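User: Please take a close look at the sheet in this model. I would like to know how its strands are paired and what lies at its edges.

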Amino acid sequence: MAATADFVVIANRLPVDRVVQPDGSTTWRTSPGGLVTALEPVMRRNGGAWIGWHGAPDEKLRTFEHDGITLVPVHLTGQEYEEYYEGFSNATLWPLYHDVVAPPEFHREWWESYVEVNRRFAKKAARIARRNAVVWVQDYQLQLVPQMLRELRPDLRIGFFLHIPFPPNELFQQLPWRRSILEGLLGADLVGFQLPGAAQNFVRLVRQRVGHKTHRDTVYLEDGRTVTARAYPISIDAAGFEEMARRPEVVARAAEIRESLGNPRCVLLGIDRLDYTKGLRQRLRAFGELVTEGAVDVDDAVFVQVATPSRERVEQYRLLRDDIDRLVGRINGDVGRIGAQPITYLHASYPREEMAALYRAADVMVVTPLRDGMNLVAKEYVACRYDDDGALVLSEFAGAAAELRQAYRVNPYDINGLKEALLEAIRAPEKERTRRMKAMRKQVVENDIELWATRFLDDLRTVRHTHDKTPRP
Ligand code: G6P
């Protein structure tokens, strides 16, 4: 692999999904995520490369070109899939960084695998990046890469962005490898977070745990480097979503969905990865109680919950799936009637057009995570509501709550509060819904993913990265 790229993205996953043709051959399709949409133009301009895992354990693939971008697959053995991906990334870091809403597990073998795989990503990047190239490392699976890469290639500009929350010291300190993670991140010139509070957590931890001097958003390292930590709230391709939601076939599909649900007066919708951070239990319980108590009529309102399968072999995800299956069964069994099921539960993933049709069909969007870095579903819903109608019920523990201030705000742990907010949203007069939606749409349309990427990359190029070794006191 020759050094060919002036801009390199490193993420756990490649931005493509494999499509198997009827004749057995495989092709690749760009995955629906907003990140790749935002970065595609930058990548094409700069001979960009994306380094990531292609999604199948125990398979080695060669570097290939896709839509003008060089894709560099990183292989994971079956054991690394279990220890680095399912284990350390998703059963240690994921719950720890999300307020320990599930207990994190700490295993030394998982950590060793995390170090090993992070090193593999760093080495690939060191080989493909041209001199003085810009490298952007993504998310919690790869927190050691910045430092590893800097050791191999001190000429590079290295950025890191964490898509999930960054916990306060009280939680972070549980991690036996806390110092190594902080040092890993300090390999970057710019470390980005979803919210200012997360950036502050990081700077405070670096001062307290690693002993570096800090001032505001800047960390002064002894070797003369500086590291900046700032918030860059991520967003979506808002225009892309709106365009999709306006397509005649999507509009027709939205009508068809309402029809299949029995044309109720109110459709409530939840769309999430099936994850214990998403507050699915709380939201279904709240809705179930409203129906049981008669505050909501089952002929009048239905709840559609789409739960996309995710990390299915990890224990906490299995437990959650059984839990939700039982809860939905119980509510539907208790209060449903022939032809009127209060909850339509779909454990499946759908293409983006179907999501857009669901957003169009929903009067009330219910987003109630117990903790969430941002939550793009909330922003997607808003982007699809080009008629300025529809109500968003949003947890105050989602990063998006900082920007979508006109949502019906809830503490998902407070079931009574959640019930009140659902009722308020269901009963809101049109004028009130429009007032709130207009303000939220302005926010989402003006702050789309392209602006997010531009802000981060501009800062990465211009941010101060050395100091004269006499830091301010
Ligand atoms: C979150 C993480 C991403 C991750 C995605 C899907 O959004 O921040 O890094 O890719 O979930 O999870 P998966 O484990 O399937 O990659």
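Analyst: Val191 stands opposite Ala229 in E12. That pair belongs to the contact between strand E9 (residues 190-193) and strand E12 (residues 226-231), which pair in the parallel sense over 4 bridges. The model is a predicted one, and this applies to every value below.

The two strands are part of an open sheet of 10 strands, whose order is E5-E6-E4-E1-E7-E8-E9-E12-E11-E10. The pairing in this sheet is mixed. At the edges stand E5 and strand E10 (213-215); each has a single partner strand, so one side of each has no neighbour in the sheet. From one strand to the next, the twist averages 25 degrees. As general background, strands of a sheet pair through backbone hydrogen bonds, in either a parallel or an antiparallel sense.

The E5 end of the sheet can be followed in detail. Strand E5 (residues 64-66) is joined to E6 by 3 bridges, and the two run antiparallel. Within this pairing, Phe64 has Leu71 of E6 as its bridge partner. E5 and E6 form a hairpin with 2 residues between them. In the turn, Asp67 has a positive phi of about 50 degrees.

E6 is also joined to strand E4 (residues 49-53), here by 5 bridges, and these two strands run parallel. Trp50 stands opposite Leu71 in E6. Leu71 is therefore flanked by Phe64 in the pairing with E5 and by Trp50 in the pairing with E4, as the sheet order places E6 between E5 and E4. For strand E6 (residues 69-74), 5 of the 6 residues are buried, so the strand is largely enclosed by the rest of the structure. A residue counts as buried here if 20 or more other C-beta atoms lie within 10 Å of its own.

Two items outside the strand pairings complete the picture. One is a helix pair: the axes of helix H1 (residues 34-45) and helix H16 (residues 449-462) come within 9 Å and cross at roughly 60 degrees. H1 and H16 are therefore oblique to each other, and their crossing is right-handed.

The other is the ligand. The residues around the ligand are Asn12, Arg13, Asp139, His163, Ile164, Ser310 and Arg311. By class, this shell has 1 nonpolar, 3 polar and 3 charged residues.

Definitions and conventions
Residues numbered from 1 in each chain as written. Predicted model: local features only at pLDDT ≥ 70, side-chain atom pairs only at ≥ 80, totals over all residues. Buried ≥ 20, exposed ≤ 12 C-beta atoms within 10 Å, placed from the backbone. Pairing = 2+ DSSP bridges. Near = placed C-beta within 6 Å. Nonpolar A, V, L, I, M, F, W, Y, C, P; charged D, E, K, R; others polar. Axes fitted to C-alpha atoms, helices over the stretch in contact; angles between N-to-C directions. Parallel < 35°, antiparallel > 145°, perpendicular 65-115°, else oblique. Left-handed = near helix turned anticlockwise from the far one by under 90°.
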